[in-house]
Amino acid sequence: MTTCEERTAIHEAGHAIMSLIEKGNLAEVSIVRTPGTLGHVLVKTMRDAADVLICAAGAAAERIAFGKAAPCSVSADQDNAQHQPGGVDYGEFLAVAEWLLVIHWQAVVVLAKELMIRKIMNGHD
């Protein structure tokens, strides 16, 4: 049985690895709960279509690991994606994010395991 913290670690690791793939940077990744979130990823710049892939990557990681994403994960990430410039088809970005994360799945798993231990990591860890 997967715990909420394990699911959150996979989800946030998906965002973080996609940020590294698409932007080559990451400020912070955390699975520490805050009001309204189970965790977060901070990226140094958020201005383009790559950011929609980063938004979609959390749900994509859950789909790979667990067969489906939690509805609240998809909803929150989709809301964040809609704030990016131009119209986006979240479903298409979700499919691309899933494909890219399958290629880099070992990195997602390693980061998720490390998050389960450390809870918060910055881009220098």
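Which residue forms a salt bridge with Arg7, and how many Å apart are the closest N and O atoms? Some notes on that and on the pocket follow.

1. First, a caveat: this is a predicted model, so please read the distances below as computed values.

2. On to the opening question. The partner of Arg7 is Glu62, and their closest N and O atoms sit 2.6 Å apart. In sequence the two are 55 residues apart, with Glu62 in helix H2 and Arg7 in helix H1, so this pair links distant parts of the chain. Glu62 is buried, at a relative accessible area of 1%, because anything under 20% counts as buried. Arg7, at 24% relative accessibility, is partly exposed.

3. The Glu62–Arg7 pair isn't alone: searching the whole structure turns up 5 salt bridges. Two others are worth a look while you have the model open.

4. Take Asp51 and Lys23, which form a salt bridge with the closest N and O atoms 3.2 Å apart. This pair also links distant parts of the chain, 28 residues apart: Asp51 belongs to helix H2, while Lys23 is in the loop between H1 and strand E1 (28–30). Asp51 is buried, with a relative accessible area of 0%. Lys23 comes out at 21% relative accessibility and counts as partly exposed.

5. Then there's Glu98 with Arg63, a salt bridge whose closest N and O atoms are 2.9 Å apart. Here the link runs between distant parts of the chain again, from Glu98 in helix H4 (residues 90–103) to Arg63 in helix H2, 35 residues apart. Arg63 is partly exposed, with a relative accessible area of 34%.

6. Now the pocket. The largest one has a volume of about 610 Å³. It is lined by 24 residues, and those closest to its centre are His11, Glu12, His15, Gly39 and Asp77. Those five are a handy place to start if you want to find the pocket on screen.

7. Where does the lining come from? Four elements each supply at least two residues: helix H1 (4–22), strand E2 (40–42), helix H2 (49–66) and helix H3 (71–82). H1 gives the largest share, with 6 residues. H1 also holds Arg7 from point 2.

8. What is the lining made of, in terms of nonpolar, polar and charged residues? The split is 11 nonpolar, 9 polar and 4 charged.

Notes: Residues numbered from 1 in each chain as written. Predicted model: local features only at pLDDT ≥ 70, side-chain atom pairs only at ≥ 80, totals over all residues. Heavy atoms only, no water. 1 Å grid on protein atoms, 1.4 Å probe; cavity = no way out; pocket = protein on both sides within 12 Å on 5 of 7 lines; lining within 4 Å. Points joined across faces, edges and corners; volume = space filled by probe spheres on them. Nonpolar A, V, L, I, M, F, W, Y, C, P; charged D, E, K, R; others polar. Salt bridge = Lys/Arg side-chain N within 4 Å of Asp/Glu carboxyl O. Buried < 20%, exposed > 50% of the residue type's maximum accessible area, 1.4 Å probe, protein only.
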